[in-house]
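Let's take a walk through a protein structure together. Have a look at the sequence and the 3D view, then read on.

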Amino acid sequence: MFVSLREITRTGMQFRLYASPNMPQLLTFKRKYRQWTICKVANMDKYMAQIQGLVTTTCERKMNHMIQKVLLAPPKTMANYVCNYAEQVVEKEVDTEGLKLQMNNYLNKSQYLAIISAVRQLITVIHAPPATGRMKIIVKVVEQWIQINGERILIIVKNEAVLEEIYYILNKIGLHVLRVSMNSVAKFGQQKTTLNNNRVAILTQDSIAQYLTLSRDFQKVLIVDAHDISELTCLSVFNKNCDQVVLIGDHYTYKDKSVEVSNLAKSRGYGVSIFESFIKKGIKPVFVSTMNKENEFIGEYISKCFYGQKLQISQSQHYIDMNEKSYSPFQQKLKSATYANINFQKGILFNKQGMAAVQVNGCELKYGSGLVNIQEIKCLVQFVLFILGHQFVQPQEIGIVTPYLQQSKIIYSELKLQAQNNPEMFQQQHLENNLNIQISTINDSYSSRPFLIFSGVRANKEGYLGQLKDFRIINTLLGKSKKGCVVFGDLPTLAQEKSWMQFISHLQNQNALYQCDYYK
């Protein structure tokens with residue numbers, strides 16, 4: 001039985017759901033000696049779109065026949081047939097000569113092969129690790145599709161941050177693109193008309209149900225971050241007379257855990273990404289093997305630990321030598337500041353590896369619905385003041401990442417207070433509200449920065465890590481740090497997980513482990 005929810009309230013750890021039933025449901029609810037169990041709470045439009053997608057996939061013939069066979073194929077049992085279906089040539093008029101001319105200056109060989117496969121084949125799965133030029137591939141695939149024919153192109157992204165990034169790049173090169181997200185629901189009528197008239201559209205996965213039910217068909221579909229978008233979400237897209245599909249993703253990159261899936265749903269296949277599903281069915285992914293990394297040591301570590309040393313680092317490292325920077329008189333001012341009980345060494349940021357870990361003897365505290373670690377906040381704020389005060393880096397080059405929203409809010413408020421007292425250090429104009437430093441959680445789509453600082457928060461005797469158990473966090477963190485990465489945390493707690501222990505052991509062998517020294 002379906003019922004609409006009017007309100008959801010919370011008291012402590014208890015939730016109360018207030019329904020808005022119709023008259024037959026109201027009479028049913030009032031029956032005595034009956035208990036009702038909540039099976040699922042979901043967006044009704046999105047849920048019905050998924051159901052309609054399932055019905056159309058299994059019954060109707062509006063979908064491309066070959067794509068339908070791939071979707072309905074069981075995992076691994078028909079791998080050879082599925083691979084042949086996926087590699088079927090759809091487009092033969094590809095500007096290969098034009099792409100070859102760009103190989104030396106703009107594209108590398110692995111990117112060229114990925115673009116050719118995406119434009120030609122029926123279904124293409126592109127495995128693009130961090131810093132391998134994912135945006136270049138997206139732009140070139142869209143350009144080739146537009147040059148070949150006048151068919152409509154749909155780009156699906158996981159959230160609005162990625163949507164804005166792709167929209168800005170495509171708009172910069174002169175492509176007229178329509179962007180549709182949940183924030184533009186109020187303009188549904190206007191957006192629907194524009195959507196029917198545009199050749200290229202970008203949609204977030206949350207807005208698929210609202211905008212594809214009444215719109216025209218899309219012949220070309222490109223799904224970005226397909227490792228973080230479920231298979232059910234994409235069914236309504238494939239039903240729109242789609243004749244070519246391209247998936248770009250990396251199943252070794254951290255997935256958004258803001259949407260929880262029960263164990264029963266996982267056992268039935270719900271929550272499996274479209275990227276993982278196609279690979280399990282037998283489609284061979286095109287691996288983009290060239291990584292553009294300013295620090296080759298970070299790239300080599302990522303290649304060794306996550307990709308079986310298949311990655312090739314295209315650039316040599318450009319780290320800042322310790323002898324190039326000298327301590328400024330700000331050191332004495334730093335010791336008399338509010339958090340002036342921590343002494344940092346210069347090698348934390350400017351060591352040869354570009355990676356370091358700092359042991360913080362703190363403890364995790366329950367704060368609201370999340371966790372915070374006050375000692376880590378003090379050390380991190382002091383470290384930011386240290387590197388900005390000595391002018392080692394610029395504020396725009398720093399990114400701070402933490403697993404809990406409460407921790408990021410406190411870090412933001414502390415740095416905001418320091419920025420008000422030292423606007424020149426943070427390069428802020430008068431009465432400017434936003435920090436130049438990027439502060440985000442691991443569930444956010446934080447952008448790449450030259451230097452990333454990570455606060456682990458977790459510090460307990462039992463070794464509980466929560467979402468930090470996911471080994472892909474380190475891969476994503478190092479992949480988005482261009483020059484260097486510093487981890488603050490309780491290292492014995494983090495070492496309870498295999499990937500963190502491997503990372504800490506590597507830093508220990510390179511003499512890149514540090515301890516916060518307290519003094520009065």
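## Cysteines

Going by a cut-off of 2.5 Å between cysteine sulfur atoms, the count of disulfides here comes to zero. Keep in mind that you're looking at a predicted model. As a reminder, a disulfide is a covalent bond that links the sulfur atoms of two cysteines.

How do C363 and C485 sit in the structure, buried or exposed or partly exposed? C485 has a relative accessible area of 1%, and because anything under 20% counts as buried, C485 is buried. C363 comes out at 42% relative accessibility, so it lands in the partly exposed group, which lies between 20% and 50%.

## The whole chain

Now zoom out. The protein chain has 520 residues, and 51% of them count as buried. Its secondary structure adds up to 20 helices and 21 strands.

The chain exposes about 26000 Å², with carbon and sulfur atoms supplying 50% of that area. What about contacts along the chain? Take the contacts with a separation of 6 or more: residues 24 or more positions apart account for 73% of them.

## A seven-stranded sheet

Next, find the open sheet made of seven strands. Reading across, the order is β5-β6-β4-β7-β8-β3-β9, and the pairing is parallel. At the edges you'll find β5 (177–180) and β9 (286–287), each of which pairs on one side only. Helix α13 (residues 274–281) packs on this sheet, where it touches β3 (123–127) and β8 (244–249). The direction of α13 makes about 110° with that of β3.

What holds neighbouring strands together? In general, strands of a sheet pair through backbone hydrogen bonds, in either a parallel or an antiparallel way. For a close-up, try strand β4 (residues 153–157) and strand β6 (residues 200–204): they run parallel and are joined by five bridges. One spot to look for is L154, whose bridge partner in β6 is A201.

## A histidine in a loop

Where is H227? You'll spot H227 in the loop between β7 (220–224) and α11 (231–238). Its relative accessible area is 3%, and since that is under 20%, H227 counts as buried.

Which residues does H227 touch, leaving aside those up to four places away in sequence? They are G249, D250, H251, T253, Y254, K255, S273 and F275. With D250 there's an extra detail to zoom in on: a polar atom of the H227 side chain lies 3.1 Å from the backbone nitrogen of D250.

Definitions and conventions
Residues are numbered from 1 along each chain as its sequence is written. This is a predicted model: local features need pLDDT of at least 70, side-chain atom pairs count only at pLDDT 80 or more; totals for chains, interfaces and linings use all residues. Side-chain values use heavy atoms; hydrogens and water are left out. Helices (H or I, at least four residues) and strands (E, at least two) are DSSP runs, numbered from the N terminus. Buried means under 20% relative accessible area, exposed over 50%, partly exposed in between (1.4 Å probe, protein chains only). A polar contact is a pair of N or O atoms within 3.5 Å; within protein, one must be able to donate a hydrogen and the other to accept it, and residues adjacent in sequence count only if both atoms are side-chain atoms. Contact means heavy atoms within 4.5 Å. Two strands pair if DSSP finds at least two bridges between them. Axes are lines fitted to C-alpha atoms, for helices over the stretch in contact, and angles run from 0 to 180 degrees between N-to-C directions. Accessible areas come from the Shrake-Rupley method with a 1.4 Å probe; for residues, only the protein chains shown count as cover.
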